[in-house]
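Biologist: Please take a close look at a single helix here, then set it against the rest of the chain. Keep it brisk, and give the numbers.

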Amino acid sequence: MIDLIKRTMLAGVGLAVMTKDKVEELGRDLAAQAKLGEVEGREFVDNLMKQSEDARKDFEDRVGSLVKKAMDGVNVVHKEDLDKLQARVDALEAELRKHQDAPVHHSH
């Protein structure tokens, strides 16, 4: 029965978006309902916590990928690219100021 509950929960994003405390509480409740011993219960809770973290990471990766794909499709400049361009402009302005401030030597 616990395997069925675990599979059902992991099938959705529910476990991925639960807080760590809620996952731990759920694990303890399920372990108690299944009448698991202390060691088995702790192992069950630890396993559930790991699965929750894995599900959360996978969920974040998927959402991040979808957001990136959507942003790429709307032709928006990424902050990283804008920062690189700003650094180049700053360097070019500094170089230009050096040349403007340098004394001009005319040779005749």
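Modeller: A helix here is a DSSP run of H or I with at least four residues, numbered from the N terminus. Keep in mind that this is a predicted model.

Start with the setting. The chain has 5 helices and 0 strands. Read from the N terminus, the order of elements is α-α-α-α-α. The chain has 108 residues, and 15% of them count as buried. About 9,000 Å² is exposed, with 58% of that supplied by carbon and sulfur atoms. Take the contacts between residues at least 6 apart in sequence: 60% of them join residues at least 24 apart.

The part to look at is α4. Helix α4 covers residues 38–73. Does its length fit its residue count, or not? The 36 residues of α4 should span 52 Å at 1.5 Å a residue, and the end C-alpha atoms are 52 Å apart, so the two values agree. Just after α4 comes N75, with a positive phi of about 60°.

Now the buried side. Which residues of α4 are buried? They are G41, F44, V45, L48, M49, S52 and R56. Several of these names return in the largest nonpolar core, which has 7 residues: V23, L30, A31, F44, V45, L48 and M49. Two elements give two or more residues to this core: α3 (20–33) and α4. The most comes from α4, with 4 residues. In soluble globular proteins, nonpolar side chains tend to be buried together.

V45 is worth a stop. V45 belongs to that core. Set aside the neighbours within four places in sequence. V45 is then in contact with E24, G27 and R28. Those three numbers fall in the range 20–33, which is α3.

A second link runs from E53 in α4. E53 and K20 are 33 residues apart in sequence. In space, their C-alpha atoms are 8.5 Å apart. E53 is partly exposed, at a relative accessible area of 45%.

Next, the charges. A search of the whole structure finds 8 salt bridges. One of them sits in α4: the side chains of D61 and K57 meet at 3.2 Å, N to O. Why do these two pair along the helix? D61 and K57 are 4 residues apart in α4, so about one helical turn separates them. An α-helix has 3.6 residues a turn, so residues three or four places apart point the same way. Side chains of opposite charge can pair when their charged atoms come close. Is this pair buried or exposed? D61 is partly exposed, at 42% relative accessibility. K57 is partly exposed as well, at 46%.

For comparison, turn to α5 (residues 79–101). K84 and E80 form a salt bridge there, at 3.8 Å, N to O. K84 and E80 are 4 residues apart, about one turn of the helix. E80 counts as exposed, at 54% relative accessibility. K98 and E95 form another salt bridge, at 3.5 Å, N to O. These two also lie in α5, 3 residues apart, again about one turn. K98 is exposed, with a relative accessible area of 54%. E95 is partly exposed, at 36%.

Back to α4 for the last feature. Which residues make a nonpolar surface patch? F59, V63, V67, M71, V74 and V76 do, over about 450 Å². M71 is placed in α4. Why can M71 belong to a patch? Patches take residues with over 30% relative accessible area and no salt bridge. M71 is partly exposed at 34%, so it clears that area cut-off.

Put the pieces together. Helix α4 gives 4 residues to the core. The helix also holds the D61 and K57 salt bridge. M71, in the same helix, takes part in the nonpolar patch.

Key:
Residues are numbered from 1 along each chain as its sequence is written. This is a predicted model: local features need pLDDT of at least 70, side-chain atom pairs count only at pLDDT 80 or more; totals for chains, interfaces and linings use all residues. Side-chain values use heavy atoms; hydrogens and water are left out. Patches are made of residues with over 30% relative accessible area and no salt bridge: like charges are joined within 9 Å, nonpolar side chains (Val, Leu, Ile, Met, Phe, Trp, Tyr) within 5 Å. Accessible areas come from the Shrake-Rupley method with a 1.4 Å probe; for residues, only the protein chains shown count as cover. A salt bridge is a side-chain nitrogen of Lys or Arg within 4 Å of a carboxyl oxygen of Asp or Glu. Buried means under 20% relative accessible area, exposed over 50%, partly exposed in between (1.4 Å probe, protein chains only). Contact means heavy atoms within 4.5 Å. A nonpolar core is a set of buried Ala, Val, Leu, Ile, Met, Phe, Trp, Tyr and Cys residues joined through side-chain atoms within 4.5 Å. The expected span of a helix is 1.5 Å times one less than its number of residues.
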